[in-house]
Amino acid sequence: IGTFADDTATFATHGNPTTASSHLHDHLILVEAWLNKWKIKVHTNIELWGGASKSNIAIIQRVQSKILRSITNAPGYVSNRTPHTDLKTPYVTEVIQENSIKYFNKLENHSNPLLQSPVQPNENRRLKRSWPSDLTN
């Protein structure tokens, strides 16, 4: 286990991927039992924010595509779309747009009137950076 501040990473290595996966699974069961014993709640989800730069989103997308290609053992001539389609995995930009739409829908229906009409950015922007509200289109 590698730990830094409040982040923890668990690694398992072996020449056989099935054995490595089995070791990782066994360890995660032990970690889960320990967390339950000490009544510690762990959040393992990752939230993607629409305010990230296009280059950072592209990096995340490349990593996701490489992982999916590795999982499916896709040869080089297969497009990145094929593993996404086969594994029914959305692209990073699709997840960001979907989460942005959910977020703004929650704001519109919120009981607090200050949250119902979020401040919209000025249309005369100096930077080409997109705003989270742009992602709902």
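How many residues does helix 1 have, and how far does helix 1 reach from its first C-alpha to its last? Helix 1, residues 17–37, has 21 residues and reaches 30 Å, close to the 30 Å expected at 1.5 Å a residue. Just after helix 1, Lys-39 takes a positive phi of about 55°.

Before going further, I should state that this is a predicted model. The mean pLDDT of the protein chain is 77, and 70% of its residues reach 70 or more. Among the elements of the chain, helix 3 has the highest mean pLDDT, 91, while strand 1, residues 2–4, has the lowest, 47. Over residues 1–5 pLDDT stays under 50, and for that segment the model has nine contacts beyond four places in sequence.

I turn now to helix 2, which covers residues 54–72. Helix 2 has 19 residues, and the distance from its first C-alpha to its last is 27 Å, close to the 27 Å expected at 1.5 Å a residue. Just after helix 2, Asn-73 takes a positive phi of about 55°.

Which residues of helix 2 are buried? They are Ile-57, Gln-61, Gln-64, Ser-65, Leu-68 and Arg-69. Seen down the axis of helix 2, these buried residues fall within an arc of 135°, so they line one face of the helix. The general principle is familiar: an α-helix has 3.6 residues a turn, so residues three or four places apart point the same way. The buried residues of helix 2 pack against helix 3, residues 81–86, and helix 4, residues 92–108. On the face turned away from the buried side, helix 2 carries the exposed residues Lys-66 and Ser-70.

Let me close with one residue of helix 2, Gln-61. Is Gln-61 buried or exposed? Gln-61 has a relative accessible area of 15%, and it counts as buried because the cut-off is under 20%. What does the side chain of Gln-61 contact through polar atoms? One polar contact, of 3.1 Å, is made with the side chain of Gln-64, itself among the buried residues of helix 2. Another polar contact, of 3.3 Å, joins the side chains of Gln-61 and His-84. Leaving aside residues up to four places away in sequence, Gln-61 touches His-84, Tyr-91, Val-92 and Thr-93. His-84 thus appears both as a polar partner of Gln-61 and in the list of residues that Gln-61 touches.

Technical notes:
Residues numbered from 1 in each chain as written. Predicted model: local features only at pLDDT ≥ 70, side-chain atom pairs only at ≥ 80, totals over all residues. Heavy atoms only, no water. Helix = DSSP H or I, 4+ residues; strand = E, 2+ residues; numbered from the N terminus. Expected span 1.5 Å × (residues − 1). Buried < 20%, exposed > 50% of the residue type's maximum accessible area, 1.4 Å probe, protein only. Arc of directions from axis to C-beta. Contact = heavy atoms within 4.5 Å. Polar contact = N/O pair within 3.5 Å; in protein donor to acceptor, adjacent residues only side chain to side chain. pLDDT = per-residue confidence, 0-100.
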